[in-house]
Amino acid sequence: MVSFYVKQIIAPGLVTGLLLAGTARAQDAPLKFGKLEAKEAATLLAVPTADSAAAEVLCDFGQSSIQGKNEGFELKFERTARLLIRRRAGYDNATVRVLLYHDPKGGGREELLQLKGLTYNLTGATLSKEPLRTEAVFSRKVDDRLDEYAFTLPNVREGSIVEFTYVIKSPFLFNLQDWQFQRDIPVRWSEYRTTIPSFYRYKELTRTYWPFALNETGAKAYATTYREDTRTSYGSIPTGSGNSYTITTQALTRRWVQKNLPAFHPESFMTTERDYLSRVDFELERIQFDEKRPPQFIVGSWEEIEKELLEKESFGQYLRATTALSTAAAPLRTLSNQVERAAAVRQLVLAAVGYSGAPGTHTRNPAKKVVELRKGNAAEVNLLLVAALRAAGLNAQPLLLSTRAHGRIQTELPVVSQFNYVVAHVALPGGQELLLDATDASLPPTLLPDYCLNGQGRLLGPAGKWVNLTENAPHLLYTNARLTVTAQGEIQGSIRQEYAGYAASDYRVPLPALRQQWQQAHPDWQISQAETAAPDVAKPVTLELKASLPGAEAAAATLYLRPLQQLFVPASPFKQAERLYPVDLATTRRLECVATLTLPPGYAATELPANMQLVLPDSGGRFLFNISQPTPQTIALQSRLQLAKAHYSAEEYHALRELYTKALAKLAEPIVLQRQ
């Protein structure tokens, strides 16, 4: 239960502050600025850095609380950190960057206070301390709402220990500081604490692949003072006049600790690193000072967000604007097939408006101006698409999503900032759905760009719901080769490479670029002729080659051939022996190769690799290798590697890696030919 005790303070000029008291003694901070001694420094330097990293975080400690101020409350964030710089490559870690938020309309601004820094250098038994100087602190404007303050600790060399501390005061109660435990260098100890009075409630989102050493929740007595300006018929009189008050209640305390964290290293097939780093994030959910009155909800529902967006000039009103595109789309109502009609509308938009390359969920220019300029961001292009689809008589609505580089959506947190992209959703007869995007002309109408394949998207409008963004179309590479072997072991012939599904978009490039891509993937082959065809985005891209693999200078009695090793899978993308994070491919993958090998006259196959079939658990994928000899002078080979899922857990990684390892080993087994 929340209890309040409010009284007027006799001394009106009393400085506001946070007064916290509880029955339990407050836990000591794990780090105190400026308290490092020579003996402790020597001990820290004697402990090897994990993975021989160039630097490491010895301790990073932060705490956030809410305290009274003039005319309300503010957030106070305190941080103290100590790092060890082992080698020159780690010098960048002696530069610290702090982002501060400001409101360009309301005028409120976060402040950086009590900034101090020290560099410790141990020489023999003597520990020197060099303080951070004011002239080493720089600021710059990031955008209309963010400023960056950066400072570099002085006199850093190999073996330096650097330390800094600062306080941020923020009038923005929604901006409770998030905390990141993991870094791109090892972390010995990272700790975060919050003390939040009961009349504020924050939604807490924790992401981690590492266990917490401590994850504690508690409660303690809370009291704070705040000042209320004197109000007259002329308005408020600024600080220095007015009344000060004290509020007491209970506060929720939280404490998180992680220790001995390895450096974060991106691995293949991942979304943005923010989805994997150990962290805790906050969103202000509600405020309630009086239990007898309903709370004020800050984080609303998805339905409220949808309603607000559809009423905004930069979003919903855009859909109702009449442009040359919507006028041109109206006659397409005569097309009875709705999928074909939607594709025709998309083609109109692709021809009329180019994509600037900037994602976004809000438009910057009026619809008519975007059409005139012939270029727009993702929201402008795809909201024009939605409007044109509607003009063509289709049931179209915007669908919000977060791209893979932006991070996964937390569906339980209704915050529009989680999204950074919008596409079109068309409801088809029989409960079918069609997702459309008009930013990439290299894709067929039925495929979204692969960077959009990131979990779920939020459909706006009357049928608002979550829509799965997983695609059925694979990333498919198919090779068909007709090859002849010479007595010298040279392999030559024709190779037809097909790129289908999502692979087609990657390889829908001019012939010189496509030839270069193939050559880079197959460096041992010599190309004598190349042709390409990509007549329609709905069809695969094809590359026709005349190529050869060099042999020896003279004929050999025994030949060892590995044609599929050079044609099929050049290397495994799963190199690490262990993997902590899931494998996220965006879409399924298939690699197929069919080859016919004609033997040189006078030679016979004396040894062929055995056929093989491998299957991943739960039908997650398979590898197939077949070899046969239709005639004494020909050998037929077939190989297929299929990953049937777009997502594999970390626990499935070993089986996935083993599939590639065994597949590559099989392809490396030689076909042995002997001269008769």
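Which residue of β30 does Ala-481 stand opposite? It's Ala-595, and I'll come back to that pair in a moment. Before I do, keep in mind that what you're looking at is a predicted model.

Okay, the overall picture. We have a chain of 676 residues, 46% of them buried. The secondary structure adds up to 11 helices and 36 strands, so to speak a lot of strand to walk through, and I'll only pick a few pieces. Along the principal axes, the C-alpha atoms fill a box of roughly 110 × 80 × 45 Å. If you take the contacts with a separation of 6 or more, 73% of them are between residues 24 or more positions apart. On the outside, the chain exposes about 32,300 Å², and carbon and sulfur atoms supply 51% of that. As for charges, there are 74 positive and 68 negative ones, and their mean positions sit 1 Å apart.

Now, the sheet that Ala-481 belongs to. This one is open, has eight strands, and the order goes β26-β27-β25-β24-β30-β34-β33-β32, with mixed pairing. The edges are β26, residues 526-533, and β32, residues 612-615; each has a single partner strand, so each is left with one side that has no neighbour in the sheet. On average, neighbouring strands here are turned by 10° against each other, if you ignore direction.

Let's go across it. Starting at the β26 edge, β26 pairs with β27, residues 541-549, in the antiparallel sense over seven bridges. To find your way there, look for Gln-526: its bridge partner in β27 is Ser-548. Packed on this part of the sheet is helix α9, residues 511-521, which touches β25, β26 and β27, and its direction makes about 130° with that of β26.

Moving inward, β24, residues 475-485, and β25 run antiparallel and are joined by 11 bridges. His-475 is a handy landmark, with Gly-501 as its bridge partner in β25. These two strands form a hairpin with five residues between them, and in the turn Gly-489 has a positive phi of about 90°.

On to β30, and back to our opening pair. β24 and β30, residues 589-598, pair in the parallel sense over 10 bridges, and this is where Ala-481 and Ala-595 stand opposite each other.

Over towards the β32 edge there's another helix to look at. That's α11, residues 653-667, lying across β32, β33 and β34, and it runs at about 15° to β33.

One more stop around here: Ala-503. Where does Ala-503 sit? In helix α8, residues 502-507. Is Ala-503 buried or exposed? Its relative accessible area is 0%, so it counts as buried. Leaving aside residues up to four places away in sequence, Ala-503 touches His-475, Leu-476 and Leu-477, and His-475 is the residue we just saw bridged to Gly-501. For a sense of distance, the C-alpha atoms of Ala-503 and Ile-85 are separated by 44 Å, with those positions 418 residues apart along the chain.

Right, a second sheet. This one is open too, with three strands in the order β4-β8-β7 and antiparallel pairing. β4, residues 95-101, and β7, residues 137-141, are the edge strands; each has a single partner, so one side of each goes without a neighbour in the sheet. The twist averages 20° from one strand to the next. Between β4 and β8, residues 146-152, there are seven bridges, and the two run antiparallel. The pair to click on is Thr-95 with Thr-152, its bridge partner in β8.

Last bit: backbone oddities. Most residues other than glycine have a negative phi. Which phi does Phe-269 have, then? A positive one of about 60°, although it isn't a glycine. Phe-269 is in the loop between β14, residues 235-261, and β15, residues 279-287. With a relative accessible area of 22%, Phe-269 is partly exposed.

Asp-618 is another of these: not a glycine, and still a positive phi of about 55°. You'll find Asp-618 in the loop between β32 and β33. Asp-618 is exposed, with a relative accessible area of 71%.

That's my tour. Happy to rotate the model for anyone who wants another look.

Notes. Residues numbered from 1 in each chain as written. Predicted model: local features only at pLDDT ≥ 70, side-chain atom pairs only at ≥ 80, totals over all residues. Heavy atoms only, no water. Helix = DSSP H or I, 4+ residues; strand = E, 2+ residues; numbered from the N terminus. Buried < 20%, exposed > 50% of the residue type's maximum accessible area, 1.4 Å probe, protein only. Contact = heavy atoms within 4.5 Å. Areas by Shrake-Rupley, 256 points an atom, 1.4 Å probe, with all protein chains shown as cover. Lys, Arg positive; Asp, Glu negative; His and termini not counted. Charge placed at Lys NZ, Arg CZ, Asp CG, Glu CD. Pairing = 2+ DSSP bridges. Axes fitted to C-alpha atoms, helices over the stretch in contact; angles between N-to-C directions.
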